[in-house]
Amino acid sequence: MSAVITVPGSPEGLSDEQLLDAYAWDEGPLRKDRPVFRFNFVASADGAAAVDGRSGGLGDDADHRVFELLRRTCGAVLVGAGTVRAEGYAGRLIDTGSMAWRAANGLPAHPGLAIVSGTLDLDPLSPLFTQAPVRPLILTTAIAPPERRTALEKVADVAVAGARTVEPEQAGRVLAERGFHRVLCEGGPHLFGTFQAAGLVDGLCLTLSPVMTAGNATRITAGTPELPPRRMELAHVLRSGDTLLLRYRTAGPGAG
């Protein structure tokens, strides 16, 4: 049985260390063949993953704080190219306090950034690359345009992780080979869907925002056929006003 930690009131009443303990990486043992993959999303009460095309409009101060702390402890942040374009990932991904914490705890001062892009539709002159504190890793396909690959190789490490599409298993091997054993995946929904289909979702941190948006916004998962339900274990519930911050671990094989 997993312990469920219910913290009444606001996570602002907890120290950073207490929150880090609540979000400890306990999804499973570290492996050599692939990282532990933890996904982080926010959703409205009626299931929307974004407002006006961006997820940031759904989060409050507590969600933003947890978002930062999750990045503090990971080896790399994994994100799809569409989310990079929509949300903006230029410059540092963490603040100076998190950088100091990482250095004090034997981690590189800044997490890696891995971008999934099958077509390499990224501008090598954009701030994403020119302001990057560490050289990004781009996971792409064997059929990606060679001229785009040549241009991007000047500002990033580019690795093939699939023939016609980026395959989660191959992406995992590439990340593990580069020493990234705890990977925080921040979307988007299509990336989440492909990793679900591959059985590579080890944990989910989900902020449930107390708003309803209606409309046609995407769910936190999209782009794959409906999968058989797979049960998850609730690790904790944090409450900030009317916002719930939930953490799940994927249950063992056969659970459902």
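Select Asp-157 to start: in this predicted model, Asp-157 is partly exposed, with a relative accessible area of 36%. Now add Arg-135, which is also partly exposed, at 43%. The side chains of Arg-135 and Asp-157 form a salt bridge, with N and O 2.9 Å apart. The two residues are 22 apart in sequence and belong to distant parts of the chain: Arg-135 sits in the loop between α5 (127-130) and β5 (137-140), and Asp-157 in strand β6 (residues 157-160).

Next, show every salt bridge. A search of the whole structure finds 11. Pick out Asp-26 and Arg-247, whose closest N and O atoms are 2.8 Å apart. Asp-26 lies in the loop between α1 (16-22) and β2 (36-44), while Arg-247 belongs to strand β10 (residues 243-250), so this salt bridge ties together parts 221 residues apart in sequence. Colour the pair by accessibility: Asp-26 is partly exposed, with a relative accessible area of 37%, whereas Arg-247 is buried, at 4%.

Stay on β10 and select Arg-249 together with Glu-233. Their side chains meet in a salt bridge, at 3.8 Å from N to O. This pair again links distant parts of the chain, with Arg-249 in strand β10 and Glu-233 in strand β9 (residues 232-240), 16 residues apart. Arg-249 is buried, with a relative accessible area of 12%, and Glu-233 is partly exposed, at 32%. Display Asp-26, Glu-233, Arg-247 and Arg-249 at once: salt bridges that share partners join these four residues into one network.

Move on to the cysteines. How many disulfides does the structure hold? The count is zero. Select Cys-185 and Cys-74 and draw the distance between their sulfurs. Cys-74 has the closest cysteine sulfur to that of Cys-185, but at 9.3 Å the two are too far apart for a bond, because a disulfide needs the sulfur atoms within 2.5 Å. Cys-205 is in no disulfide either; the nearest cysteine sulfur to it, that of Cys-185, is 11 Å away. Both of these residues are covered: Cys-185 is buried, at 0% relative accessibility, and Cys-205 is buried, at 2%.

Now select strand β4 (residues 112-116). Are its residues buried or exposed? Five of the five are buried. In a regular strand, side chains alternate between the two faces of the sheet. For β4, Gly-112, Ala-114 and Val-116 are on one side, Leu-113 and Ile-115 are on the other, and all are buried, so both faces are covered.

Add the neighbouring strands. Strand β3 (residues 76-80) pairs with β4 in the parallel sense over five bridges, and Val-77 stands opposite Leu-113 in β4. Strand β5 also pairs with β4 in the parallel sense, over three bridges; here Val-116 stands opposite Leu-139 in β5.

Keep Leu-113 selected for the last stop. Leu-113 is one of the residues lining the largest cavity. A search for cavities of 30 Å³ or more finds one, and the largest cavity holds about 50 Å³ of space. To see its wall, select Tyr-89, Gly-91, Leu-93, His-110, Leu-113, Leu-128, Ala-132, Pro-133, Val-134 and Pro-136. What is the character of this lining, by nonpolar, polar and charged residues? Eight residues of the lining are nonpolar, two are polar and none is charged.

Notes:
Residues are numbered from 1 along each chain as its sequence is written. This is a predicted model: local features need pLDDT of at least 70, side-chain atom pairs count only at pLDDT 80 or more; totals for chains, interfaces and linings use all residues. Side-chain values use heavy atoms; hydrogens and water are left out. Helices (H or I, at least four residues) and strands (E, at least two) are DSSP runs, numbered from the N terminus. Buried means under 20% relative accessible area, exposed over 50%, partly exposed in between (1.4 Å probe, protein chains only). On a 1 Å grid over the protein atoms alone, a cavity is a set of points where a 1.4 Å probe fits but cannot get out, and a pocket is an open set with protein on both sides within 12 Å along at least five of seven lines; lining residues have an atom within 4 Å of a point. Grid points are joined across faces, edges and corners, and a volume is the space filled by probe spheres set on the points. Ala, Val, Leu, Ile, Met, Phe, Trp, Tyr, Cys and Pro count as nonpolar, Asp, Glu, Lys and Arg as charged, and the others, Gly among them, as polar. Two strands pair if DSSP finds at least two bridges between them.
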